[in-house]
Amino acid sequence: MPLNLPNFLTWLRILAIPLFVGIFYLPDGWLTPAQQNLVATIIFAGAAITDWLDGYLARVLNQMSAFGAFLDPVADKLMVAAALIVLVYLDRLGAPIALIIIGREIAVSALREWMAHIGQSKSVAVSFLGKIKTTAQMIAIPLLLYHDDLMTGFNAHEIGTLLIYVAAFLTLWSMIYYLKAAIPQAIEYDK
């Protein structure tokens, strides 16, 4: 496990998860609900920025590693799952949408592991569709966490809800895309 700046940022993202969740379990009076929303939004947004930054730094500093390639998506999935569970707990997101997104992440991760096992990992490499899904998710979640109006006429909750539904649709679409790419390879392998 190489300790370098990109991996350090990834570990910070993982360590931020209990802090992020804990914001909503502080004793009454420590933070107002609006302050909890703001702090949680800042922590999540910071995690999303480090997700981009650690990959960028790994490439620029030539510090890519197999461990970093493994840990980075795990950190992302843990942070997104924690955020979705918090949003369900706060009644800002329906459980079915959270289950669709979390379930897809687990299924596609398992699919990628299987495809790597049979030497066909390139057939389920991250697609442009997956990147659009992630972008919609990473914009929707902070808006749902913030929950309040950002300015007149910009209701963060309504826009976040719309984007999380777009993300859920893209989640299903991208899962079908990955399955269509992987199934022929898996069938061929089993022959």
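Contacts across the sequence set the scene in this predicted model: among contacts with a separation of 6 or more, 74% join residues that lie 24 or more positions apart. The elements behind this fold are six helices and two strands, and reading along the sequence gives the order α-α-α-α-α-β-β-α. The radius of gyration is 18 Å, close to the 16 Å that the globule rule gives for 191 residues, so the protein is as compact as a globular protein of that length. Along the principal axes, the C-alpha atoms fill a box of roughly 60 × 35 × 30 Å.

Turning from the overall fold to burial and surface, 39% of the 191 residues are buried. The accessible surface amounts to about 10800 Å², and carbon and sulfur atoms account for 70% of that area.

One part of this surface deserves a closer look. L3, L5, F8, L12, L15, W52, Y56, V60 and L61 together make a nonpolar surface patch of about 940 Å². Two helices, α1 (5-22) and α2 (33-60), each supply at least two of the patch residues. Helix α1 gives the largest share, with four residues.

Y56 offers a handy place to start when viewing the patch in the structure, as one of its residues. This tyrosine sits in helix α2 and has a relative accessible area of 38%. Y56 therefore counts as partly exposed, since that value falls between the 20% limit for buried residues and the 50% limit for exposed ones. The same value is over the 30% relative accessible area asked of patch residues.

Methods
Residues are numbered from 1 along each chain as its sequence is written. This is a predicted model: local features need pLDDT of at least 70, side-chain atom pairs count only at pLDDT 80 or more; totals for chains, interfaces and linings use all residues. Side-chain values use heavy atoms; hydrogens and water are left out. Patches are made of residues with over 30% relative accessible area and no salt bridge: like charges are joined within 9 Å, nonpolar side chains (Val, Leu, Ile, Met, Phe, Trp, Tyr) within 5 Å. Accessible areas come from the Shrake-Rupley method with a 1.4 Å probe; for residues, only the protein chains shown count as cover. A salt bridge is a side-chain nitrogen of Lys or Arg within 4 Å of a carboxyl oxygen of Asp or Glu. Buried means under 20% relative accessible area, exposed over 50%, partly exposed in between (1.4 Å probe, protein chains only). The radius of gyration is taken over C-alpha atoms; the globule rule is 2.2 Å times the number of residues to the power 0.38. Contact means heavy atoms within 4.5 Å.
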